[in-house]
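Good morning, and thank you for the time. I should like to take you through one structure and the way its chains are put together.

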Protein chains: 2
Amino acid sequence: MEITQGLLRAVQQGPDAPATVFMGRTRTWAESAERIARLAGALRGLGVQPGDRVAILSANSDIYHEFMLAACWIGAAFVPVNTRWSVAEIAFSLEDSGTAVLLVDENFASSIFDLRTQAPVLKHVLFDGDDSGPDDASSVEELIAGSEPVAEVHRGGDALAAIFYTGGTTGVPKGVMLSHDNLIVSALGSMASGHWTRPGAIYLHTAPMFHAADISGWVAVNLAGGTHVFTPRFDAGAVARMIEEHRITDTILVPTMIQMLVDSPEAAHADMSSLQRLLYGGSPMSEALIERTIARLPGTRLTQAYAMTEMSPVITLLGPEEHHDPLLRRSGGRAAPHVEMRIVDEDDNDVPPGTAGQIVARGGGRMLGYWNRPKETAEALANGWMHTGDAGYLDDDGYLFVVDRVKDMIISGGENVYSTEVENTLATHSGVGMCAVIGVPDPRWGERVHAVVLPAGGVRATEEELRRHVRERIAGYKVPRSFEFVDSMPMSGAGKILKRQLRDRHWNHQKRHVS
Amino acid sequence: MEITQGLLRAVQQGPDAPATVFMGRTRTWAESAERIARLAGALRGLGVQPGDRVAILSANSDIYHEFMLAACWIGAAFVPVNTRWSVAEIAFSLEDSGTAVLLVDENFASSIFDLRTQAPVLKHVLFDGDDSGPDDASSVEELIAGSEPVAEVHRGGDALAAIFYTGGTTGVPKGVMLSHDNLIVSALGSMASGHWTRPGAIYLHTAPMFHAADISGWVAVNLAGGTHVFTPRFDAGAVARMIEEHRITDTILVPTMIQMLVDSPEAAHADMSSLQRLLYGGSPMSEALIERTIARLPGTRLTQAYAMTEMSPVITLLGPEEHHDPLLRRSGGRAAPHVEMRIVDEDDNDVPPGTAGQIVARGGGRMLGYWNRPKETAEALANGWMHTGDAGYLDDDGYLFVVDRVKDMIISGGENVYSTEVENTLATHSGVGMCAVIGVPDPRWGERVHAVVLPAGGVRATEEELRRHVRERIAGYKVPRSFEFVDSMPMSGAGKILKRQLRDRHWNHQKRHVS
């Protein structure tokens with residue numbers, strides 16, 4: 001299958017139906033296809049060959065849609081660039097993927113000079129914007145207007161369709177290679193659950209399109225012949241008004257966005273009754289937020305996805321009905337129709353329900369691998385299963401409860417301790433400003449539960465107080481056996497505590513048996 | 001992906017939920033999996049290797065389900081045998097596919113001796129039935145009880161999962177090779193339309209399981225973790241009572257079965273309100289039958305599929321809402337989310353909407369090819385598209401109207417004439433018992449519309465009367481220019497008129513330009 005088949009089917013089934021809506025301009029599927037075939041001709045004119053990579057650094061827009069399809073039209077792969085990254089990180093991903101053509105919109109035009117300097121691989125920069133753009137960039141509108149439509153190059157199935165760079169708190173960014181079939185099967189599987197887009201969907205792209213989550217929605221809407229509505233950034237009031245104005249039926253958000261949408265005074269009076277399906281991921285929603293969301297959006301079916309780019313991206317889905325169950329709403333749901341998921345121990349053997357281990361998955365959405373990283377690919381896809389690095393357990397009905405990152409899980413005296421559970425408990429003490437719970441070497445227990453605590457301003461809880469606080473709330477073997485009070489925490493740019501730095505002080509030359 | 005992943009997911013998500021219901025016995029998904037792993041062990045004990053074919057000649061049953069999954073469990077392919085075929089035809093398909101192991105149920109036990117004689121390839125016959133069965137057959141229940149469960153052999157993706165033999169009115173049967181991905185993507189695509197099974201579906205297998213249509217439903221129900229209810233044959237009253245008793249939510253029928261179900265006095269008092277989705281194929285339904293079905297089953301969503309085994313099998317779907325439109329209900333619907341479909345001329349070029357040509361399709365469900373028939377495969381899959389042999393046209397919204405078999409289409413003076421349209425018109429004259437409209441060579445028109453008529457008993461309409469009858473109803477160029485009155489029609493075993501025989505008398509040594 002090919003990513004372009006959604007476009008062609010949409011043209012066949014509704015040439016005059018709206019394909020894209022952006023900033024007051026609407027284009028039909030026939031117009032969209034015409035522009036895509038011209039843009040594809042322009043890209044080919046710049047020397048783009050089947051298998052080549054072309055990148056886009058842009059806020060959400062209709063051009064984003066056209067650019068991705070134009071790349072596929074001539075058998076090239078698209079690389080959606082994370083707009084939150086530094087120039088150095090972006091330049092790294094362009095160099096790493098060998099991308100010679102980059103489209104930049106006016107929001108990021110100021111980076112072009114530095115990108116060209118730091119990523120000499122770049123040969124052509126296309127510019128999408130109202131003004132003429134930087135001198136050395138070609139106007140994408142002029143290219144579209146000045147190019148002839150070209151015939152499609154058929155390249156699909158297991159061929160590379162896209163590379164998504166993922167960062168994380170450790171190591172250099174890796175390019176996740178997804179095939180045409182990866183993206184299509186994942187979209188079909190999510191649709192098959194009954195919780196996701198349908199023919200006729202009107203979909204709002206407000207989550208960033210450089211993430212695989214929104215692109216999965218994009219693929220589904222193409223397959224369903226729906227309408228894409230784009231907004232360059234999330235703003236609760238604006239999004240609420242767009243939902244009302246465009247009668248949006250489907251969107252993907254993260255819980256923080258949902259919180260803003262249901263709590264924002266600017267969104268309070270918008271009619272959002274058209275919103276039939278709201279998919280969220282990134283993290284579960286708090287019980288209180290679920291309740292507020294159901295109250296504010298009573299006709300909207302809430303679905304949670306546990307997902308990762310390497311799975312294109314859906315792994316599990318928690319459906320609308322399950323959000324009404326007080327226990328299940330804390331789960332990530334169950335394996336989607338196209339996915340197999342298991343919980344395994346360190347040797348990749350299944351563990352029984354209720355026992356935590358690493359979450360592994362495979363199925364039609366499993367990535368081809370990491371671009372140019374055979375070693376990391378072999379590790380991640382050992383035995384054919386994607387090793388998520390997340391720790392979780394299943395209940396007797398296959399519901400997944402994610403408990404920790406595997407590398408943050410502590411095995412003390414044979415018992416699994418999830419750092420997040422201990423941290424959440426510690427954090428309820430008023431004397432704790434920030435905390436991290438890690439495993440440190442211990443001659444008797446193998447690993448021992450160790451807490452690093454940044455005290456709350458003005459208050460200084462004693463080790464004994466904190467230990468008692470935790471012991472009253474969770475099982476004894478989870479209580480930190482040692483404490484360390486610090487003045488500052490090592491943090492990543494994304495606001496995550498760098499636990500590896502904390503652990504390194506203790507482990508130095510010893511090897512941990514959880515990796 | 002692998003066919004077994006539905007089984008494994010169902011066990012993970014509902015081990016104690018009912019997997020199969022047949023003749024008063026219910027087996028949970030955990031029990032089903034246990035029996036499948038044992039049956040797989042038994043098959044391996046008989047020498048079945050990955051890639052081998054194993055066949056089943058049986059009415060619908062839970063063993064059918066177990067046998068297909070057991071084959072996949074050890075990487076073998078299953079061959080569902082058409083129970084309506086003669087022993088000679090079945091023996092041909094077993095020999096052609098090189099099948100050494102055959103499971104036969106008690107309905108077909110009497111064929112075993114002849115099959116063994118005519119298909120020496122057979123090494124082992126398994127018997128499913130209450131009595132002990134023929135001397136030379138092994139009891140499948142004893143094999144399951146006496147075998148150890150074996151570990152799964154992982155063989156999926158593009159690997160062969162099944163061979164379905166298709167006959168037709170011409171030529172020898174051909175084995176359609178479908179891969180794991182073919183069957184899974186087709187099921188996901190149909191589910192993605194929103195018109196097909198959902199998680200929790202309770203599905204009635206009453207259409208024969210040797211057809212790809214019911215097997216597509218079977219794959220979907222496994223993926224959805226639903227329940228399979230089996231009935232060995234279609235009986236309107238019994239099926240209505242089963243729908244009531246088991247709260248059936250989904251089934252696949254052909255229009256004739258639907259007619260019996262909504263018209264049968266035995267079915268009149270059954271509560272069929274549980275039936276949420278009813279998929280039908282094989283042919284469109286008459287307007288009157290659609291109305292009666294909607295009246296009898298007001299809560300049931302009717303969906304038509306235009307399908308063929310070679311596409312695993314769905315090509316287009318006509319959804320429930322479209323059944324209320326007087327024009328669209330005569331259509332076969334639009335390309336399903338996982339399918340690309342086009343209408344092409346003799347050189348495989350697209351024809352515009354409204355113009356008839358051959359229906360071609362591709363997508364995730366497109367077969368691997370015909371078993372051991374590279375020439376027929378290359379012809380059928382020319383340019384990568386499955387050439388259906390059906391003639392049809394699209395309207396401006398991509399709705400497909402099937403008009404004829406390509407080989408029955410007549411091109412007279414540059415105009416396309418669909419034999420079925422002329423036949424349907426002729427048949428409304430009381431003097432016509434049976435008729436066939438074919439193209440015969442004509443020096444002026446290339447082909448000329450020629451009618452072969454078997455008069456109705458006691459009445460003899462003249463050529464002139466019939467010509468006038470047709471001219472009053474359809475366009476002049478479609479009116480037969482010559483007539484032939486016959487005493488008998490050449491018929492196939494399946495009750496179809498053998499038009500090729502009728503044509504051969506006229507064409508002899510001339511080549512037709514529609515093939």
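I shall begin with conventions, then turn to symmetry, the interface, and the salt bridges.

This is a predicted model, in which local features need pLDDT of at least 70 and side-chain atom pairs count only at pLDDT 80 or more, whereas totals for chains, interfaces and linings use all residues. Residues are numbered from 1 along each chain as its sequence is written, chains are lettered from A and ligands numbered from 1 in the order in which they are written, and side-chain values use heavy atoms, with hydrogens and water left out.

First, the symmetry. A turn of 180° with a shift of 0.0 Å along the axis lays chain B on chain A with an RMSD of 0.1 Å; the superposition is by least squares on the C-alpha atoms of residues with pLDDT of at least 70 in both copies. The two copies are therefore related as by a two-fold rotation axis. Of the residues of chain B, Ala192(B) comes closest to that axis, its C-alpha lying at 2.1 Å. Both copies use the same surface, since 100% of the contact residues of chain B recur in chain A.

Next, the interface. How many residues does each chain bring to the contact? Chain A gives 35 residues and chain B gives 35 residues, where contact means heavy atoms within 4.5 Å. Between them about 2,600 Å² is buried, 50% of it from carbon and sulfur atoms; buried area is the accessible area (1.4 Å probe) lost when the two parts are put together, summed over both. Gln12(B), Gln13(B) and Leu188(B) supply 22% of the area that chain B buries against chain A, more than any other three residues.

Finally, the salt bridges. The criterion is a side-chain nitrogen of Lys or Arg within 4 Å of a carboxyl oxygen of Asp or Glu. Two are found across the interface of chain B and chain A, and the structure holds 52 over all chains. Glu2(A) and Arg362(B) form a salt bridge through their side chains, at 3.6 Å from N to O. Within chain A, the side chains of Glu340(A) and Arg362(A) meet in another, at 2.9 Å from N to O. That pair links distant parts of the chain, 22 residues apart: Glu340(A) belongs to strand E17 (residues 339–344) and Arg362(A) to strand E18 (residues 357–363). Strands here are DSSP runs (E, at least two residues), numbered from the N terminus.

Terms used:
Helix = DSSP H or I, 4+ residues; strand = E, 2+ residues; numbered from the N terminus.
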